[in-house]
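Visitor: I would like to learn how to read a structure like this one, feature by feature. Could you walk me through it?

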Amino acid sequence: FVWLWRAVELVGLRLATGGWIRTGIAILVFPPVLAELDAGNVHLAMAGVTALAMRRIAAPVGPAALVKLAAWPLVPVTWRDDRRGLLLGVAVAAVIATASIVLATDAWRDYLDFLASGILPTGSYNVLVGVPLLPRLIVAGVLGLAATRWIRLAPIAVLLAYPVVWFHALSTLTAVAAPLGRPRRMGSDAQARG
């Protein structure tokens with residue numbers, strides 16, 4: 001399972017970087033990427049989802065929120081660019097979450113109790129330990145809104161929305177350099193027809 005999950009993470013990194021050569025370069029030059037592959041967390045998968053949202057593909061955002069609620073700052077961008085995909089992804093996530101809650105109610109109760117405890121890990125590996133969660137969430141929301149204008153802010157917003165920003169969580173920032181293709185010019189279709 002660990003190696004299968006690392007393969008998922010590599011695919012996320014590939015989506016974030018836009019190519020296998022860039023993926024290899026990211027592994028070699030950005031230490032959080034290698035640390036993330038070693039830890040086997042979800043941050044490279046989140047980088048991939050973020051890059052897809054930046055490319056106007058919103059469907060993965062809903063299911064990604066099941067894995068890491070930090071996908072929420074992507075909602076303004078995805079709402080603007082792909083409402084249908086966002087709503088489809090949220091519907092899929094809702095069905096999965098409902099089934100999970102019905103099948104494992106006690107596990108969900110334990111999880112909610114853990115979240116309510118408010119105890120976050122400390123130590124040097126938690127790189128933003130000195131920054132309280134609420135201010136980070138506010139900044140993440142502001143950056144999520146600003147990403148509707150400056151799309152490269154989206155990965156930073158997602159990073160700040162993580163409850164704990166581990167060193168390897170910085171690997172999400174690989175999506176900042178995601179290739180986006182040709183930018184869409186607002187009103188260009190209307191001008192061409194008019």
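Guide: We will go from the overall fold to single residues. This is a predicted model, in which local features need pLDDT of at least 70, side-chain atom pairs count only at pLDDT 80 or more, and totals for chains, interfaces and linings use all residues. Residues are numbered from 1 along each chain as its sequence is written, and side-chain values use heavy atoms, with hydrogens and water left out.

Visitor: Which helices and strands does the protein have?

Guide: Helices (H or I, at least four residues) and strands (E, at least two) are DSSP runs, numbered from the N terminus. Here there are eleven helices and zero strands, so the order from the N terminus reads α-α-α-α-α-α-α-α-α-α-α.

Visitor: How are contacts read across the chain, and what share of them joins residues 24 or more positions apart?

Guide: A contact means heavy atoms within 4.5 Å. Among contacts with a separation of 6 or more, 70% are between residues 24 or more positions apart.

Visitor: And what portion of the residues counts as buried?

Guide: Buried means under 20% relative accessible area, exposed over 50%, and partly exposed in between (1.4 Å probe, protein chains only). Of the 194 residues, 37% count as buried. Accessible areas come from the Shrake-Rupley method with a 1.4 Å probe, and for residues only the protein chains shown count as cover. The accessible surface of the protein is about 11,200 Å², and carbon and sulfur atoms make up 71% of that.

Visitor: How many salt bridges are there?

Guide: A salt bridge is a side-chain nitrogen of Lys or Arg within 4 Å of a carboxyl oxygen of Asp or Glu. By that rule there are two. In one of them, Arg80 pairs with Asp81, with the closest N and O atoms 2.7 Å apart. Arg80 is partly exposed at 34% relative accessible area, whereas Asp81 is buried at 13%.

Visitor: Where does the pair Asp106 and Arg109 sit?

Guide: These two side chains also form a salt bridge, at 2.7 Å from N to O. Asp106 and Arg109 lie three residues apart in helix H8 (residues 105-117), which means that about one helical turn separates them. Asp106 is exposed at 53% relative accessibility, and Arg109 is partly exposed at 45%.

Visitor: What is the nearest side chain of opposite charge to Arg136?

Guide: For charges, Lys and Arg count as positive and Asp and Glu as negative, while His and the chain ends are not counted. Arg136, in helix H9 (residues 133-146), is buried yet has no salt bridge, and the nearest opposite charge is Glu36, 14 Å away. The Arg136 side chain does reach the backbone oxygen of Pro163 at 2.9 Å. Leaving aside residues up to four places away in sequence, Arg136 touches Leu128, Val131, Leu160, Tyr162, Pro163 and Val165.

Visitor: Which residues form the nonpolar patch on the surface?

Guide: Patches are made of residues with over 30% relative accessible area and no salt bridge; like charges are joined within 9 Å, and nonpolar side chains (Val, Leu, Ile, Met, Phe, Trp, Tyr) within 5 Å. This one consists of Leu66, Val67, Leu88, Val92 and Ile96, together about 420 Å² of accessible area. Helices H5 (61-67) and H7 (83-103) each give two or more residues, and H7 supplies the largest share, three. Val92, in H7, is partly exposed at 38%.

Visitor: Which phi does Arg56 have?

Guide: Its phi is positive, about 75 degrees, although Arg56 is not a glycine. Arg56 lies in the loop between helix H4 (43-54) and H5, and is partly exposed at 28% relative accessibility.

Terms used. Polar contact = N/O pair within 3.5 Å; in protein donor to acceptor, adjacent residues only side chain to side chain.
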